Amino acid sequence: MITTIVEYRLPCAVARGEILEKFKSARNKFIDAEGLLKKYFCYDASDGSGTSVYIWENLSCAKAFFTPAMLQAFEQTFGCRPTLRHVDTLMTIDNVADEVSVFDT
């Protein structure tokens, strides 16, 4: 399992409700993305910084999603270029489902 952390800072901070509407309008891009298990949309309205966390089945699915065209579309929509970091996910804890998952491979 792979976690991708995407960070960005908007050219100027916008209100929480405004960015939430942008997130909602983009949701269909993620619903059926191959290998995407979960995605978290996070935003700090005080400074216009955002962090998205993606949980993928594997690294190849993550890399296939973040194409140059996708990053260019992000830049056109939000006015900034995000940074990406892919990391190996060793374990997750889901307190809602009362589940601990360990990924040995």
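The lining of the second largest pocket comprises six nonpolar, two polar and three charged residues. This pocket belongs to a predicted model. Its volume is about 200 Å³. The residues that line the second largest pocket are Met1, Leu37, Lys38, Tyr40, Ile55, Thr92, Ile93, Asp94, Glu99, Ser101 and Phe103. At least two lining residues come from each of E2, strand E5 (91-94) and strand E6 (99-102).

The chain as a whole gives the setting. Four helices and six strands make up its secondary structure. Along the sequence they follow the pattern β-α-α-β-β-α-α-β-β-β. The C-alpha trace spans about 40 × 30 × 20 Å along its principal axes. The chain has 105 residues, and 32% of them count as buried.

Two of the strands that line the second largest pocket also pair with each other. E5 and E6 run in the antiparallel sense, joined over four bridges. Within this pair, Asp94 stands opposite Glu99 of E6. Both Asp94 and Glu99 are listed in the lining of the second largest pocket. The hairpin of E5 and E6 has four residues between the strands. Asp98 is placed in that loop between E5 and E6. Most residues other than glycine have a negative phi. Asp98, which is not a glycine, has a positive phi of about 55 degrees. Asp98 is also exposed, because its relative accessible area of 71% is over 50%.

The largest pocket has a volume of about 270 Å³. Its lining holds 17 residues. Ala26, Lys29, Phe30, Phe74 and Phe78 lie nearest the centre of the largest pocket. By class, the lining divides into 11 nonpolar, three polar and three charged residues. Both helices and strands contribute. Helix H1 (16-26), helix H2 (28-31), strand E2 (36-44), strand E3 (49-56) and helix H4 (68-78) each supply at least two residues to this lining. H4 provides the largest share, five residues. E2 thus has a part in two linings: at least two of its residues line the largest pocket, and at least two line the second largest pocket.

Enclosed space was examined next. The count comes to one cavity of 30 Å³ or more. The largest cavity has a volume of about 40 Å³. It is lined by Val6, Tyr8, Ser52, Tyr54, Phe66, Met70, Leu71, Phe74 and Pro82. Eight of these lining residues are nonpolar, one is polar and none is charged. Strand E1 (2-9), E3 and H4 each supply at least two residues to the cavity lining. H4 gives the most, with three residues. H4 therefore leads in both linings, because it supplies the largest share for the largest pocket and the most for the largest cavity. Phe74 appears in both places: Phe74 is among the residues nearest the centre of the largest pocket, and Phe74 also lines the largest cavity.

Another residue of the cavity lining, Phe66, lies in the loop between helix H3 (59-65) and H4. Phe66 is buried, because its relative accessible area of 10% is under 20%. Phe66 and Asn28 are 38 residues apart along the chain. Their C-alpha atoms are separated by 16 Å.

Strand E3, which contributes to the linings of the largest pocket and the largest cavity, also contains Ser49. Ser49 is buried, with a relative accessible area of 17%. The side chain of Ser49 makes a polar contact of 2.7 Å with the side chain of Asp47.

The cysteines were considered last. A disulfide is a covalent bond between the sulfur atoms of two cysteines. The structure holds zero disulfides. For Cys42, the closest cysteine sulfur is in Cys80, at 15 Å. That is too far for a bond, because the two sulfur atoms of a disulfide lie within 2.5 Å. Cys42 counts as partly exposed, at 34% relative accessibility. Cys61, by contrast, counts as buried, at 11% relative accessibility.

Note on methods:
Residues are numbered from 1 along each chain as its sequence is written. This is a predicted model: local features need pLDDT of at least 70, side-chain atom pairs count only at pLDDT 80 or more; totals for chains, interfaces and linings use all residues. Side-chain values use heavy atoms; hydrogens and water are left out. On a 1 Å grid over the protein atoms alone, a cavity is a set of points where a 1.4 Å probe fits but cannot get out, and a pocket is an open set with protein on both sides within 12 Å along at least five of seven lines; lining residues have an atom within 4 Å of a point. Grid points are joined across faces, edges and corners, and a volume is the space filled by probe spheres set on the points. Ala, Val, Leu, Ile, Met, Phe, Trp, Tyr, Cys and Pro count as nonpolar, Asp, Glu, Lys and Arg as charged, and the others, Gly among them, as polar. Buried means under 20% relative accessible area, exposed over 50%, partly exposed in between (1.4 Å probe, protein chains only). Two strands pair if DSSP finds at least two bridges between them. A polar contact is a pair of N or O atoms within 3.5 Å; within protein, one must be able to donate a hydrogen and the other to accept it, and residues adjacent in sequence count only if both atoms are side-chain atoms.
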